[in-house]
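Biologist: I should like to learn how the features of a structural model are to be read. May we take them in turn, with the general idea before each case?

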Amino acid sequence: MNPDLRIDPEDATAPYEQICRQIAAGSNDGTLPVGTKLPTVRGLAEQLGVAPGTVAKAYTRLEQSGLIETRGRAGTFVSSSGDRSQAETAAAAAEFAERTRHLGLDQDTLLAVVRAAVSNVHSR
């Protein structure tokens, strides 16, 4: 399966981050199931019209986060951690919610803070 990845030149987000975001989203929503073989660095760079270093940087970040794994000459694959990333996110959210409860913040304020933080991260 060759993932349908695209680089949006109008997007202010760096191309390697666009690659990371799309592969992570595919891992989490199931469009890139566990075990899906990803293109080689050079192959994906050619497909997207970016430098191989851009794809290598994205793959390195994704591997560090556990979303993909490189199996030597066999290639790079989507790992089983899509579920893990959702579980880690849920745990972080629960911890955040508990900490803000101790600060006396109500749910509307808590959600507004989260929305602002997410918006800030995604606008980089």
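Modeller: Let us begin with a term. A helix here is a DSSP run of H or I with at least four residues, and helices are numbered from the N terminus. In that sense, valine 114 has its place in helix 5. Please keep in mind that this is a predicted model.

Biologist: How many helices and strands does the protein chain have, and which pattern do they follow?

Modeller: There are five helices and three strands. Taken in sequence order, the protein chain reads α-β-α-α-β-β-α-α. Of the contacts between residues at least 6 apart in sequence, 51% join residues at least 24 apart.

Biologist: How should I read burial, and what share of the 124 residues is buried?

Modeller: The cut-offs matter here: under 20% relative accessible area is buried, over 50% is exposed, and partly exposed lies in between. By this standard, buried residues make up 29% of the 124 residues. Threonine 100, in helix 4 (residues 82-102), has a relative accessible area of 5% and therefore counts as buried. Beyond its neighbours within four places in sequence, threonine 100 contacts Leu105 and Leu110. Valine 114 offers another case: with 33% relative accessibility, this residue is partly exposed.

Biologist: Which nonpolar residues form a patch on the surface?

Modeller: The nonpolar patch consists of Phe96, Val113, Val114 and Val118, which together have about 280 Å² of accessible area. Helix 5 (residues 107-122) contributes the most, with three residues. As for the protein chain as a whole, its accessible surface comes to about 8,000 Å², and 53% of that belongs to carbon and sulfur atoms.

Biologist: How does one read the faces of a helix?

Modeller: An α-helix has 3.6 residues a turn, so residues three or four places apart point the same way. Helix 3 (residues 52-64) is a case to examine: at 1.5 Å a residue, its 13 residues should span 18 Å, and its end C-alpha atoms are 18 Å apart, in agreement. The buried residues of helix 3 are Val55, Ala58, Tyr59 and Leu62. They cover an arc of only 100° around the axis, so they are on the same side of helix 3.

Biologist: Against which elements do the buried residues of helix 3 pack?

Modeller: They pack against helix 1 (15-29), helix 2 (41-48), strand 1 (37-38), strand 2 (68-70) and strand 3 (76-78). Just after helix 3 comes glycine 66, with a positive phi of about 85°.

Biologist: How is a salt bridge recognised, and how many are counted?

Modeller: The criterion is a side-chain nitrogen of Lys or Arg within 4 Å of a carboxyl oxygen of Asp or Glu. The count comes to three salt bridges. One of them joins aspartate 4 and arginine 6, with the closest N and O atoms 3.2 Å apart; both aspartate 4 and arginine 6 are exposed. Another joins arginine 71 and glutamate 69 at 3.1 Å, N to O. Arginine 71 is partly exposed at 41% relative accessible area, and glutamate 69 is partly exposed at 32%.

Biologist: What of aspartate 11: with which residue does it form a salt bridge?

Modeller: Its partner is arginine 21, the closest N and O atoms being 3.0 Å apart. Aspartate 11 lies in the segment before helix 1 and arginine 21 in helix 1, so the pair ties together parts ten residues apart in sequence. Aspartate 11 is partly exposed, at 25% relative accessibility, and arginine 21 is partly exposed, at 36%.

Note on methods
Residues are numbered from 1 along each chain as its sequence is written. This is a predicted model: local features need pLDDT of at least 70, side-chain atom pairs count only at pLDDT 80 or more; totals for chains, interfaces and linings use all residues. Side-chain values use heavy atoms; hydrogens and water are left out. Helices (H or I, at least four residues) and strands (E, at least two) are DSSP runs, numbered from the N terminus. Buried means under 20% relative accessible area, exposed over 50%, partly exposed in between (1.4 Å probe, protein chains only). Contact means heavy atoms within 4.5 Å. The expected span of a helix is 1.5 Å times one less than its number of residues. The arc is that of the directions from the helix axis to the C-beta atoms. Patches are made of residues with over 30% relative accessible area and no salt bridge: like charges are joined within 9 Å, nonpolar side chains (Val, Leu, Ile, Met, Phe, Trp, Tyr) within 5 Å. Accessible areas come from the Shrake-Rupley method with a 1.4 Å probe; for residues, only the protein chains shown count as cover.
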